[in-house]
Amino acid sequence: MLIDYAESQFDIFKNFHVTSYLTSYALLVHPNYRNRGIATEILKARVPFMKLLDIRVSATVFSSIGSQIAASKAGFEEKVVIGYEE
């Protein structure tokens, strides 16, 4: 599974010195509402939720270019890149 592979390549607990983190397994915006910044705002909405729970790190596997762009705009940093050779 892609998520298992990504997690095996980067140890969030060790690299960020945390005992917990927030994650999700999907980021989806209905096609009729795409390109309006909604995905970016969904990701940014994690911040106050994380502050409330005293969680310092959020991590997700972003598998589409659209979610990767939204993640970048929301301030996520790339730690693992999984690609393929043509």
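**Close-up views of helix 5, the nonpolar cores and the pockets**

**View 1. The two sides of helix 5.** On one side of helix 5, Ile65 and Lys73 are exposed, where exposed means over 50% relative accessible area, buried means under 20% and partly exposed lies in between (1.4 Å probe, protein chains only). The model is a predicted one, in which local features need pLDDT of at least 70 and side-chain atom pairs count only at pLDDT 80 or more, while totals for chains, interfaces and linings use all residues. Residues are numbered from 1 along each chain as its sequence is written, and side-chain values use heavy atoms, with hydrogens and water left out. The buried residues of helix 5 are Ser67, Ala70 and Ala71. They cover an arc of only 100 degrees around the axis, which puts them on the same side of helix 5; the arc is that of the directions from the helix axis to the C-beta atoms. Helices (H or I, at least four residues) and strands (E, at least two) are DSSP runs, numbered from the N terminus. Just after helix 5, Gly75 takes a positive phi of about 100 degrees.

**View 2. Packing of helix 5 and the largest nonpolar core.** The buried residues of helix 5 pack against helix 3, and Ala70 touches Ala39, Thr40 and Leu43, not counting residues up to four places away in sequence, a contact being heavy atoms within 4.5 Å. The largest nonpolar core (buried Ala, Val, Leu, Ile, Met, Phe, Trp, Tyr and Cys residues joined through side-chain atoms within 4.5 Å) has 6 residues in all, namely Val29, Ala39, Leu43, Phe62, Ala70 and Ala71. Helix 3 and helix 5 are the elements that give two or more residues to this core. A second, separate core of 5 residues includes Phe10, Ile12, Val18 and Val57.

**View 3. The second largest pocket.** This pocket has a volume of about 370 Å³, and of the 17 residues that line it, the closest to its centre are Arg34, Asn35, Ala39, Gly66 and Ala70. On a 1 Å grid over the protein atoms alone, a pocket is an open set of points where a 1.4 Å probe fits, with protein on both sides within 12 Å along at least five of seven lines, and lining residues have an atom within 4 Å of a point. Grid points are joined across faces, edges and corners, and a volume is the space filled by probe spheres set on the points. Helix 5 gives the most to the lining of the second largest pocket, with 5 residues.
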